[in-house]
Amino acid sequence: MSSSTARPGQSPIAETSPQSLCALEPRVPADRLVAEMVPPPRFDSVRFDTYVPDPGQPSQSEAVEVLSSFAAGLGGAHALGSGKRRWFGRKQAAAPTGPRGVYLDGGYGVGKTHLLASLWHAAPAAPSLKAFGTFVELTNLVGALGFQQTVQTLSGHRLLCIDEFELDDPGDTVLVSSLLSRLVEAGVALAATSNTLPGKLGEGRFAAADFLREIQGLSAHFRPLRIDGEDYRHRGLPEAPPPYSDDQVTRAAYTTPGASLDDFPALLGHLARVHPSRYGALTDGLTAVCLTDVRPVPDQSTALRLVVLADRLYDREVPVLASGLPFDRLFSDEMLNGGYRKKYFRAISRLTALARDAKGLVAQ
């Protein structure tokens, strides 16, 4: 929609029309994928001392202590290969046989990503020697570089942090198991977050029997650390605002510099044509996402793509203003009760938070 074309009966609202995500097909070179493996902008300034443990949840304070010690123990470590490094501050004559990392397990919104990013910031190594990315970004990196090149690239790191560690299909199980095993052999420290204990990965998603060996192998690399608590995004906060009208959303898009404006069904169709590894680039420079005609997601493949986009928008703190149905009605009951339910609930939680952030975009 250009500034000279308005809806029937309307005049242009601003000199510059909003951009459309549907018009963008970004190309992301492989070296950018590696360079961008750092905590997202939302977590640029987080540290252990900015995490506020819930007094009623002692596991949260324990997590801060364990991860602080983990970070301090990396001070003398560097990747020289098996048996030639320090691990948690202790000299090793041979490769350690115990857990090689920490696995943060807990529900939505208990601050796992805050703690994981704090660990990345606290680790005494140059940014180029530590990597941070979601599970999906890690698998996308392998897709872009190839397995051997990914192993070679990450083997020189002191620390690899993996956020939202979820195994969605057997192929990813084998891929990530093999990758992490190679990195552990190279002396890379591992840290991960998930909503599932390591030994339970894959349950409710696929028939795990044939892959139990790989799943248990992943579990052996981590010390599980449970973090209890309620979703901080809803502690003492008002309910997410209800959807606005199409006209309100459109007007906000035209009066908000750097905003995008798209029809929700059209955007879902466009996401099928853009690889999820590019969704971050798709949101470059956005100040707000405005969506009209939000309606239930039609199928699981579309829903999983929307989950990735929601993660990228949340990471970048891009508010989302929408008309149509509220975000808690995006996914069918069948989806919310199926194997990917944790992803869908996370997306609802994050989109709700972003909808709340967008409230100020609408003229009162």
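A cavity is a set of grid points where a 1.4 Å probe fits but cannot get out. Rolling a probe the size of a water molecule over the atoms shows where empty space is left. In the predicted model described here, a search of the whole structure finds four cavities of 30 Å³ or more, and the second largest has a volume of about 70 Å³.

The lining of this second largest cavity is made up of Phe264, Leu267, Val289, Leu291, Leu306, Leu309, Ala310, Leu313, Val320, Phe327 and Leu351. Two or more of the lining residues come from each of helix H9 (264-271), E9 and H11. Helix H11 provides the largest share, four residues. By class, the lining of the second largest cavity holds eleven nonpolar residues, no polar and no charged ones.

The largest cavity encloses about 90 Å³ of space. Its lining consists of Thr134, Phe135, Val136, Glu164, Glu166, Val307, Val308, Asp311, Arg312, Lys343 and Arg346. Helices H4, H11 and H13 (341-357) each contribute at least two residues to this lining, and H11 gives the most, with four residues. Six residues of the lining of the largest cavity are charged, four are nonpolar and one is polar.

Open space was examined as well. The largest pocket contains about 430 Å³ of space and is lined by 28 residues. Glu36, Met37, Glu137, Arg312 and Arg316 are the lining residues that lie nearest the centre of this pocket. Arg312 is also among the residues that line the largest cavity. At least two residues of the pocket lining are supplied by each of helix H1 (30-35), strand E4 (130-134), helix H4 (135-145), helix H10 (279-282) and H11. The lining of the largest pocket comprises 13 nonpolar, six polar and nine charged residues.

The protein as a whole has 13 helices and ten strands. Of its 364 residues, 50% count as buried. Among contacts between residues at least 6 apart in sequence, 84% join residues at least 24 apart.

Strand E8 (residues 259-263) is largely enclosed by the rest of the structure, because four of its five residues are buried. E8 pairs with E9 in the parallel sense over five bridges. Within this pairing, Asp262 stands opposite Leu291 in E9. Leu291 is also one of the residues lining the second largest cavity.

Strand E9 spans residues 288-294 and includes Asp293. The phi angle of Asp293 is positive, at about 60 degrees, although this residue is not a glycine. Asp293 has a relative accessible area of 26%, so it is partly exposed, the class between under 20% for buried and over 50% for exposed. A positive phi, of about 55 degrees, is likewise found at Glu317, which is not a glycine. Glu317 is placed in the loop between helix H11 (300-315) and strand E10 (320-324). With a relative accessible area of 43%, Glu317 is partly exposed.

The cysteines were also considered. The count of disulfides comes to zero. Cys161 is buried, with a relative accessible area of 0%, whereas Cys22 is partly exposed, with a relative accessible area of 25%.

Methods
Residues numbered from 1 in each chain as written. Predicted model: local features only at pLDDT ≥ 70, side-chain atom pairs only at ≥ 80, totals over all residues. Heavy atoms only, no water. Buried < 20%, exposed > 50% of the residue type's maximum accessible area, 1.4 Å probe, protein only. Disulfide = S-S within 2.5 Å. Pairing = 2+ DSSP bridges. 1 Å grid on protein atoms, 1.4 Å probe; cavity = no way out; pocket = protein on both sides within 12 Å on 5 of 7 lines; lining within 4 Å. Points joined across faces, edges and corners; volume = space filled by probe spheres on them. Nonpolar A, V, L, I, M, F, W, Y, C, P; charged D, E, K, R; others polar. Contact = heavy atoms within 4.5 Å.
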